[in-house]
Amino acid sequence: MKSVPRPAALSLAFFVCLLAALTALPALAQEGQLENTPPSGTTPEEIIKHFAAKEKEFKEARDQYTYRQDVKVETLDGETITGMYHEVFDVTYDDKGKHLENVVFAPQSTLREGGLEMDSGDFEDLRHRLPFVLTSDDVNEYNILYVGQQTEDELHCYVFDLAPKAFVGKKRYFQGRIWVDDHDFQIVKTYGKGVPEILDKKGKGKEEHLYPKFTTWRQQIDGQYWFPVFTRADDELHFRTGDIHIREIVKYEDYKRFGSNVKILYNGKELPPGEKKPDGQAPPQNPPQK
């Protein structure tokens with residue numbers, strides 16, 4: 001996000017319309033206390049290797065699903081919404097498997113009324129950082145620290161903190177915390193932000209680009225892989241020109257496998273369409289929020 005000068009105040013009718021556009025949010029997740037205890041019968045290094053391999057499987061599997069992504073970004077003054085960006089698009093594929101996005105709803109953004117403008121980093125994060133995946137191809141780019149164990153709803157998880165080892169070119173990274181299910185060895189929750197940011201530390205008028213901290217939750221789809229279903233951010237962006245309160249809500253809905261020649265693998269074995277993995281755990285009824 002980058003800050004922009006705010007225009008004159010808008011009418012009360014505008015705020016009423018924005019408030020009416022808000023949807024009901026899911027119920028709060030049940031989170032246990034973080035226990036700083038080592039894993040039993042394994043090591044953090046083995047867990048990292050295991051979940052990175054499973055995340056690569058998951059990433060390839062998700063590329064065989066169509067879904068709808070609903071993105072809403074708001075600026076606030078207290079509880080009053082002062083600006084909004086809203087886009088709904090369907091992720092599909094052509095007959096050659098090429099990723100396509102079909103926009104189905106995209107009213108004109110009013111974020112500038114709240115003093116913000118989305119930049120290329122925001123759009124990159126919406127596609128890749130919010131639904132964060134850490135595969136065996138990417139794991140060496142991060143410093144990964146084991147911090148303990150914690151329950152999320154009924155899941156027992158290993159918890160790790162992540163930070164990029166270095167910033168290479170214009171590539172964006174994730175920095176924060178992940179929760180890895182100790183049964184399926186997949187990320188089930190993510191908390192952090194997209195980096196790097198650009199700050200005007202010396203007050204020379206440098207254009208600043210700041211990004212909010214977010215939480216993303218996953219649910220198990222087709223009894224196999226844990227797919228992102230809900231992201232929420234509620235944060236203050238501290239620009240030199242002033243603080244801006246931002247809220248983001250992203251929903252990933254209607255996951256459907258496509259194509260008769262698609263092969264979804266679990267533990268190296270192909271699963272026929274509709275078949276669930278052994279002892280598959282049903283997803284929670286409602287994605288949580290934080």
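This report describes strand pairing, ring contacts, backbone exceptions, and the pockets and cavities of a predicted model.

**The E6–E7 hairpin**

Strand E6 covers residues 142–152 and strand E7 covers residues 155–164; the two run antiparallel and are joined by ten bridges. Within this pairing, Tyr146 stands opposite Phe160 of E7. Two residues separate E6 from E7 in the hairpin, and Asp153 in the turn has a positive phi of about 55°. Asp153 is partly exposed, at 35% relative accessibility.

**Aromatic contacts**

There are 16 aromatic pairs in the structure. One of them is formed by Tyr142 and Tyr173, in an edge-to-face arrangement with 6.2 Å centre to centre and 75° between the planes. Tyr142 belongs to strand E6 and Tyr173 to strand E8 (residues 173–181), so this pair ties together parts that are 31 residues apart in sequence. Tyr142 has a relative accessible area of 6%, which counts as buried. Tyr173 is also buried, at 2% relative accessibility. Both tyrosines are members of a cluster linked by ring pairs, together with Phe132, Phe167, Phe174 and Phe214.

Two rings have a charged side chain over the face. Lys189 lies over the face of Trp179, at 4.4 Å from the ring centre. For Phe58, the residue over the face is Arg218, at 4.4 Å from the ring centre.

**Backbone exceptions**

Most residues other than glycine have a negative phi, and most peptide bonds are trans. Three places in the model can be set against that background.

The peptide bond from Val195 to Pro196 is cis, with omega near 10°. Pro196 sits in the loop between strand E9 (187–195) and strand E10 (214–221).

Asp153, described above as part of the hairpin turn, is not a glycine and yet has a positive phi. Its loop is the one between E6 and E7. Asp222 is likewise not a glycine, and has a positive phi of about 55°. Asp222 is found in the loop between E10 and strand E11 (225–239). With a relative accessible area of 32%, Asp222 is partly exposed.

**A long-range approach**

Strand E11 also contains Glu236. Glu236 and Leu76 are 160 residues apart in sequence, but 9.8 Å apart in space, C-alpha to C-alpha. At 34% relative accessibility, Glu236 is partly exposed.

**Pockets and cavities**

The largest pocket holds about 520 Å³ of space. Its lining has 25 residues, of which Lys59, Arg127, His128, Pro131 and Val133 are the closest to the centre. At least two lining residues come from each of helix H2 (44–62), strand E2 (65–77), strand E3 (80–93), strand E4 (99–105) and helix H3 (120–129).

The second largest pocket has a volume of about 270 Å³. It is lined by 14 residues, and those closest to its centre are Ser120, Gly121, Lys170, Arg172 and Tyr211.

Two cavities of 30 Å³ or more are found in a search of the whole structure. The second largest cavity has about 70 Å³ of space. Its lining is made up of Asp122, Asp125, Leu126, Leu130, Gly194, Tyr211, Pro212, Phe214 and Glu248. H3 gives the largest share of this lining, three residues.

Two lining residues of this cavity also appear elsewhere in this report. Phe214 lines the cavity and is a member of the aromatic cluster. Tyr211 lines the cavity and is among the residues closest to the centre of the second largest pocket.

The table gives the makeup of the three linings.

| Site | Nonpolar | Polar | Charged |
|---|---|---|---|
| Largest pocket | eleven residues | four residues | ten residues |
| Second largest pocket | three residues | four residues | seven residues |
| Second largest cavity | five residues | one residue | three residues |

How values were computed. Residues numbered from 1 in each chain as written. Predicted model: local features only at pLDDT ≥ 70, side-chain atom pairs only at ≥ 80, totals over all residues. Heavy atoms only, no water. Pairing = 2+ DSSP bridges. Helix = DSSP H or I, 4+ residues; strand = E, 2+ residues; numbered from the N terminus. Phe/Tyr/Trp six-rings, centres within 6.5 Å; stacked < 30°, edge-to-face > 60°. Buried < 20%, exposed > 50% of the residue type's maximum accessible area, 1.4 Å probe, protein only. Lys NZ or Arg CZ within 6 Å of the ring centre and 35° of its normal. 1 Å grid on protein atoms, 1.4 Å probe; cavity = no way out; pocket = protein on both sides within 12 Å on 5 of 7 lines; lining within 4 Å. Points joined across faces, edges and corners; volume = space filled by probe spheres on them. Nonpolar A, V, L, I, M, F, W, Y, C, P; charged D, E, K, R; others polar.
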